[in-house]
Amino acid sequence: MDIKKVEKIINDHDSEASSLIQIMLDIQKELHWLPPEAMDLVAEKLQVPMARIQHTATFYKAFSLVPKGRHEINLCVGTACHVRGATRVLEVLQNTTGLEPGETDPEMKFSLDTVNCLGCCALGPVMEIDEQHLGRLDTGSAVDLLKNYD
Amino acid sequence: MSNISLKIDGKGVKATEGMTVLDAARNANIYIPTVCHHEKLEPFGGCRLCVVDVTVGGRTNMVAACVHPVQEAIEVTTRSEQIDDIRKMLTEQLLAYAPESEVLQEIAEEYGADKDRFQKEPSFCILCGLCVRYCDEVKQLNAVGFVDRGPSREISFVPKLAQEKCWDCMECFPLCPTSALQAAFILTRSLTSSPSKPEVDFGKLAEMKVAPEGHQHNNVIEERK
Amino acid sequence: MTNSPAELEQLRQDILSKRDSDKPHISVCAGASCLASGAGKVIEALETEIEQQGLEGVTVKGTGCPGFCECGPIVVVDPEDVCYLQVTPEDISDVVSQTVSKNEIVDRLLYVDASDGDKKIVHAEDIPFYKNQERNIIGNNIKIDPKSIEDYLALGGYSALTKVLFDMTPKEVVGEVLKSGLRGRGGGGFPTGIKWDAALNAESDTKYVVVNADEGDPGAFMDRAVLEGNPHSILEGLMIGAYAIGANEGYFYVRQEYPLALENVALAVKQAEEYNFLGEDILGSGFNFKINIHMGAGAFVCGEETALLLSLEGKPGEPKSRPPYPATKGLWGKPTNINNVETWANVPLIINQGADWYTQFGTEGSKGTKIFSLVGKIKNTGLVEVPMGVTLRDIIYKIGDGIPDGKKFKAVQTGGPAGGCIPEEQLDTVVDFDELIKAGAIMGSGGIIVMDEDTCMVDVAKYFLGFLAEESCGKCNPCREGIKQMHNILTNISEGRGKEGDIELLEGLAMSTGGGSLCALGKTAPNPVMSTLRYFREEYEEHIKDKKCSSYTCEELVSYYIDPEKCEACLICMKKCTAQSIIGAKHKIHVVDQDICTKCGSCYEVCPDNFDAVLRFTGETVPESIPVDMRTIDRKKKKADKTRALASAGQGA
């Protein structure tokens with residue numbers, strides 16, 4: 001893990017304690033997880049208690065304390081998507097990847113997770129892979145789309 | 001500090017600005033149950049056992065007495081069928097975690113709460129936050145904190161701090177209304193090896209279960225004796 | 001760059017004079033949904049085609065979302081105002097060669113009005129979806145490229161701010177908002193003017209204004225469209241509010257699930273700074289204002305104002321009890337006014353047109369228009385803006401065009417997880433803050449989720465409580481434990497373990513959770529349960545007593561059985577079965593092994609329509625499987641039987 005990237009992120013936010021969440025979001029985006037060494041550095045530079053960092057990292061869903069895979073699958077389970085069958089799509093995604101939401105496969109290829117609304121309700125059911133929205137899913141197309149990623 | 005006149009259960013009560021409804025009630029010897037409240041700590045408003053009805057300007061709202069500020073001419077109701085039913089259910093929810101807790105049993109008896117209403121949980125932490133808040137506000141150390149949210153919420157020691165500081169301190173242990181805190185500490189100790197520290201003295205820990213002064217629960221037991 | 005109102009007007013005139021309204025101009029919706037449907041490629045294709053055709057002065061731009069998401073990508077060709085739907089890159093050569101070059105219509109891309117003899121409609125405003133709306137706010141989206149401040153200026157942008165800074169006192173601004181009757185659009189419905197008044201009267205040198213763009217209600221994306229599509233309108237509203245209460249610093253709190261909105265807002269802030277609409281001495285008025293942008297980190301509870309403010313302070317979003325209210329003690333303990341995106345969007349409108357104009361829309365208690373997201377089992381999914389006072393029936397049938405696939409309407413859920421489900425009998429309820437509460441729901445942020453006969457109302461309640469359990473901050477006992485226990489009971493009921501006393505316990509928990517909780521999340525958590533119990537109690541009782549789910553949604557309560565009379569042993573269901581629980585072969589009637597079946601329903605979905613051999617059972621025992629020795633299909637006998645049956649039917653006729 002490149003600690004210099006973490007240092008830069010902290011400096012870009014002027015080591016402000018109130019920017020803790022923004023700093024953690026930038027680290028999550030850059031490294032795809034929050035390594036413990038990074039959190040130690042953040043605690044030190046921002047002068048915030050580690051207990052608060054622990055709480056913040058586990059309180060907000062955007063953060064992961066374990067490394068994510070190359071491709072992060074986020075299936076929307078918002079109400080509109082739920083009513084259109086997102087539960088069944090989730091089942092097939094789970095069966096195909098072998099993952100429960102929150103897990104990453106041993107080859108670090110896919111991470112599967114659910115998200116509570118992407119705001120693309122007209123396209124429901126929707127999933128987001130690598131920040132790309134894929135809509136109008138059914139149990140068949142969802143599985144087929146996964147084949148495009150390696 | 002301006003004087004404020006309010007009514008609690010029909011009784012006229014005087015208070016000063018900055019006091020909470022709970023403060024005013026205690027001053028007037030009116031008992032409202034609490035679990036997460038402690039004299040040395042900022043009011044938390046987490047257990048919600050202290051809910052009361054506050055009526056002002058014709059509108060009634062249910063609020064937590066420990067955090068609600070006194071206001072001129074408000075009328076507070078501390079007992080009613082609805083309030084009692086709510087306190088009963090809230091107690092039963094907590095009893096699922098810690099059926100043996102003396103603090104909870106005392107309230108359960110008053111409100112007819114059934115410790116078997118809900119399925120028992122393996123953890124006996126009721127998330128009152130007394131340990132977390134004590135370590136934050138009084139010790140300013142933050143060796144223990146909350147993690148996660150919702151029903152997954154737990155207390156968690158910061159391993160490094162727990163290893164270095166907690167054994168010599170343990171001031172928060174007597175505050176715990178169940179024995180969850182002691183259990184959490186033992187678990188953390190077992191995960192952080194520290195050959196220089198002595199083994200856990202269970203006898204010493206057992207003695208620390210008594211609630212300290214400042215916890216109204218204890219005052220009430222004394223008064224009723 | 002614009003250091004006075006006069007300079008601003010000059011700039012506006014310069015922009016307008018450079019725009020030749022006679023030249024063809026093409027707008028393509030570039031909102032997140034349309035982009036996901038390929039709008040980016042449509043824009044590229046247009047630009048390429050126009051260049052290849054050598055057409056001078058023809059402009060193409062990606063715009064904000066106009067709301068007809070069901071039919072995206074959407075292309076509007078001006079000056080003839082021709083509206084094309086579901087456009088693909090393959091359609092572009094026709095669009096350019098016919099419409100752009102020769103003003104000829106490409107028929108196949110027009111809206112077809114099935115209710116009017118399949119008539120084709122050319123102009124957007126005549127399409128029933130748009131015709132029945134009052135698009136005061138969202139109507140601007142199709143006219144604006146959100147990445148261009150000039151489009152906003154061309155429409156009169158920042159004139160409300162100028163009026164406020166030079167012609168009105170803070171008190172007058174607050175007065176106008178009070179007079180308008182504007183109520184918060186984020187879900188609370190609290191009178192905006194009263195909030196502003198409290199913040200104005202709070203004594204402090206430092207005050208803050210905040211845009212709540214967390215939009216956590218699943219199924220709601222109104223704020224997303226306004227923020228992505230017309231970010232400057234929110235900046236302008238925010239600055240007017242800041243001037244009114246005496247704040248010099250503002251925050252945007254945007255959910256991180258909206259990257260395009262974040263991008264467009266950041267760009268708008270940068271442009272506003274360049275044009276001196278932000279910073280020191282704005283337009284030469286002496287008013288200073290700066291904006292910070294914060295991202296949310298995936299917590300629904302941070303839509304609650306006290307939790308949001310804590311999140312801005314870099315802490316976990318655990319709501320605080322009120323009083324004190326943010327207007328007196330908010331961000332960093334200072335007076336803070338926090339409003340929802342759509343609330344801010346209404347402000348420039350009220351200032352420009354006046355409160356008297358504004359109050360002509362809406363009802364006595366709910367003034368103005370409201371943007372709703374119409375989603376779920378509905379033909380025309382999208383964003384609709386209507387004056388308060390329109391009925392739910394009109395929204396669903398006149399604008400939404402009803403339920404697809406010939407299904408029957410069952411319920412409409414309004415107000416997100418804090419709201420309730422409204423049945424057929426109550427469809428004439430009008431969209432009004434107080435009327436919706438009477439019907440057992442709430443307005444909420446504006447999500448309208450339509451449900452049909454295939455929706456199970458117990459499942460809906462279970463879904464919402466599962467959502468809330470995940471999103472609860474966990475600080476207070478009634479919410480954290482109460483929601484968990486309610487969810488447990490609903491899960492038991494939906495999985496066939498419901499028992500006598502469950503409904504009464506749900507009702508008791510509803511009271512303790514609703515009464516005892518610290519914040520609105522917990523206080524309103526019982527609503528989905530209570531509203532579905534109110535109107536669909538018999539469904540709960542069916543689940544509990546008869547272990548029956550009439551909509552075949554609760555998997556544990558449904559069994560699948562292959563009718564031996566109809567099965568043609570085509571092997572399709574066997575291949576699709578996810579548990580390998582179907583026994584059969586090429587000429588052997590297929591049989592579901594009930595002990596292994598996981599009840600996923602795949603066999604039911606894939607059995608060919610002309611066989612229709614898979615039957616669903618709920619609340620009753622599944623018939624015994626036919627004996628193994630009877631499973632061979634005798635195709636000759638079957639054909640003969642069929643011929644005989646047809647013949648006798650013919651004789652009887």
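**View 1. Helices H10 and H14 of chain C sit oblique to each other.** In this predicted model, the axes of H10(C) (residues 222-229) and H14(C) (residues 341-353) come within 9 Å and cross at roughly 50°. The axes are lines fitted to C-alpha atoms over the stretch in contact, with angles between N-to-C directions running from 0 to 180 degrees. Under 35 degrees is roughly parallel, over 145 roughly antiparallel, 65 to 115 roughly perpendicular, and the rest oblique. H10(C) passes H14(C) in a left-handed crossing (the near helix is turned anticlockwise from the far one by less than a right angle; clockwise would be right-handed). On the H10(C) side you'll find Met222(C), Asp223(C), Val226(C) and Leu227(C), which meet Val341(C), Glu342(C) and Ala345(C) of H14(C); contact means heavy atoms within 4.5 Å. Five of the residues in this contact are nonpolar, none polar and two charged (Ala, Val, Leu, Ile, Met, Phe, Trp, Tyr, Cys and Pro are nonpolar; Asp, Glu, Lys and Arg charged; the others, Gly among them, polar). Helices here are DSSP runs (H or I) of at least four residues, strands (E) of at least two, both numbered from the N terminus.

Residues are numbered from 1 along each chain as its sequence is written, and chains are lettered from A and ligands numbered from 1 in the order in which they are written. Since we're looking at a prediction, local features need pLDDT of at least 70 and side-chain atom pairs 80 or more, while totals for chains, interfaces and linings use all residues; side-chain values use heavy atoms, leaving out hydrogens and water.

**View 2. H10(C) is mostly covered.** Eight of the eight residues of H10(C) are buried, meaning under 20% relative accessible area with a 1.4 Å probe and protein chains only; exposed is over 50%, and partly exposed lies in between. Charged side chains are on the buried list too: Asp223(C), Arg224(C) and Glu228(C) are there alongside Met222(C), Ala225(C), Val226(C), Leu227(C) and Gly229(C).

**View 3. H2 of chain B packs against H20 of chain C.** H2(B) covers residues 81-95 and H20(C) residues 502-516; their axes are 9 Å apart, at an angle of about 100°. That makes the pair roughly perpendicular. Gln82(B), Asp85(B), Ile86(B), Met89(B), Leu90(B) and Gln93(B) are what H2(B) brings to the contact. H20(C) answers with Leu505(C), Gly508(C), Leu509(C), Met511(C), Ser512(C) and Gly515(C). The tally for this contact is six nonpolar, five polar and one charged.

**View 4. Glu305(C) is buried in H13(C).** Helix H13(C) spans residues 305-312 and holds Glu305(C), whose relative accessible area is 14%. Leaving aside residues up to four places away in sequence, Glu305(C) touches Lys195(C), Arg322(C), Pro326(C) and Ile338(C). Val210(C) is 95 residues away along the chain, with its C-alpha atom 9.5 Å from that of Glu305(C).

**View 5. Two cis peptide bonds follow one another around Pro323(C).** Arg322(C) is joined to Pro323(C) by a cis bond with omega about 10°, and Pro323(C) to Pro324(C) by another with omega about 5°. Pro323(C) lies in the loop between H13 and strand S10 (336-340) of chain C, and so does Pro324(C). Most peptide bonds are trans, and most residues other than glycine have a negative phi.

**View 6. Asn29(B) and Ala73(B) both carry a positive phi.** Asn29(B) has phi of about 60° although it isn't a glycine. Look for Asn29(B) in the loop between helix H1 (21-27) and strand S3 (51-56) of chain B, where it counts as exposed at 70% relative accessibility. Ala73(B), with phi near 70°, lies in the loop between strands S4 (59-64) and S5 (75-77) of chain B. At 52% relative accessibility, Ala73(B) counts as exposed too.

**View 7. Gly85(A) lies in a loop between two helices of chain A.** The flanking helices are H5 (79-83) and H6 (86-97), and Gly85(A) counts as partly exposed at 25% relative accessibility. The C-alpha atom of Pro125(A), 40 residues along the chain, is 6.8 Å from that of Gly85(A). For context, chain A has seven helices and four strands, and 55% of its 150 residues are buried.
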